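Welcome! Take a moment to look over the sequence and the model, and then let us walk through them together.

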Amino acid sequence: MEKKKCPQCKNLILKNSPTCLYCGRPNKFITKEYVNKKWNKDNKKKLFDYIFLNKYIVFILFLIFTIVIIIFS
């Protein structure tokens, strides 16, 4: 098993342990993606816009298609 130093107390702990045995600090690997997901407010807004904008476009196209069928039949 691989070990690493705890950033807080500098004791060796296992990489897969959930917390440090000595100080209790959580043993999470904080990556750039994790920080962006957690704190980037634009990320949630872009996802929201993407989902609902596509649904509205599909709805409008379906509505236009139905009106065209009703008019020409």
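## Cysteines without a bridge

The count of disulfides here comes to zero. C9, for one, is in no disulfide, and the nearest cysteine sulfur, that of C20, is 3.6 Å away. C23 is in no disulfide either, with the sulfur of C20 as its nearest cysteine sulfur at 3.6 Å. Why do these distances not count? A disulfide calls for two cysteine sulfur atoms within 2.5 Å, and the sulfur nearest to that of C9 is 3.6 Å away. Please keep in mind that this is a predicted model.

How open are these two cysteines to the surroundings? C9 is partly exposed, with a relative accessible area of 26%. C23 also counts as partly exposed, at 34% relative accessibility. You will find C23 in the loop between strand 2 and helix 1. Leaving out residues up to four places away in sequence, C23 touches C6, Q8 and C9. With Q8, the C-alpha atoms are separated by 7.6 Å, although the two residues are 15 residues apart along the chain.

## The overall plan

Now let us step back to the whole chain. The protein has two helices and two strands, and along the sequence they follow the pattern β-β-α-α. Strand 1 covers residues 3-5, while strand 2 covers residues 12-14. Helix 1 spans 32-39, and helix 2 takes in residues 41-72.

How much of the protein is buried? Of its 73 residues, 8% are buried. The exposed area is about 7,000 Å², and carbon and sulfur atoms supply 67% of it. Among contacts with a separation of 6 or more, 2% are between residues 24 or more positions apart.

## A buried isoleucine

Next, have a look at I13, which sits in strand 2. Is I13 buried or exposed? I13 is buried, because its relative accessible area is 4% and the limit for a buried residue is under 20%.

Which residues does I13 meet, apart from its neighbours within four places in sequence? The contacts of I13 are with E2, K3, K4, C6, C20, L21, Y22 and N27. One of these partners, E2, is eleven residues from I13 in sequence, with 8.5 Å between the two C-alpha atoms.

## One salt bridge

E2 appears again in another pairing. Side chains of opposite charge can pair when their charged atoms come close. How many salt bridges does the whole structure hold? A search finds one. The side chains of K15 and E2 meet in a salt bridge, at 3.2 Å from N to O. This pair links distant parts of the chain: K15 belongs to the loop between strand 2 and helix 1, while E2 is in the segment before strand 1, 13 residues apart.

The two partners can also be described by their accessibility. K15 counts as partly exposed at 35% relative accessibility, whereas E2 counts as exposed at 54%.

## Two loop residues to find

S17 lies in the loop between strand 2 and helix 1. At 15% relative accessibility, S17 counts as buried. What does the side chain of S17 reach? A polar atom of this side chain lies 2.9 Å from the backbone oxygen of L14. The side chain of S17 also reaches the backbone oxygen of T19, at 3.5 Å.

K10 is a residue to look up in the loop between strand 1 and strand 2. K10 has a positive phi of about 65°, although it is not a glycine. With a relative accessible area of 53%, K10 is exposed.

## A nonpolar patch on the surface

Finally, turn to the surface. Which residues make the nonpolar patch there? The patch is formed by Y56, F59, I60, L63, I64, I67, V68, I71 and F72, and covers about 970 Å².

I64 is one of these patch residues, and its place is in helix 2. With a relative accessible area of 47%, I64 is partly exposed. I13, by contrast, is buried at 4%.

How values were computed
Residues are numbered from 1 along each chain as its sequence is written. This is a predicted model: local features need pLDDT of at least 70, side-chain atom pairs count only at pLDDT 80 or more; totals for chains, interfaces and linings use all residues. Side-chain values use heavy atoms; hydrogens and water are left out. Helices (H or I, at least four residues) and strands (E, at least two) are DSSP runs, numbered from the N terminus. Buried means under 20% relative accessible area, exposed over 50%, partly exposed in between (1.4 Å probe, protein chains only). Contact means heavy atoms within 4.5 Å. Accessible areas come from the Shrake-Rupley method with a 1.4 Å probe; for residues, only the protein chains shown count as cover. A salt bridge is a side-chain nitrogen of Lys or Arg within 4 Å of a carboxyl oxygen of Asp or Glu. Patches are made of residues with over 30% relative accessible area and no salt bridge: like charges are joined within 9 Å, nonpolar side chains (Val, Leu, Ile, Met, Phe, Trp, Tyr) within 5 Å. A polar contact is a pair of N or O atoms within 3.5 Å; within protein, one must be able to donate a hydrogen and the other to accept it, and residues adjacent in sequence count only if both atoms are side-chain atoms.
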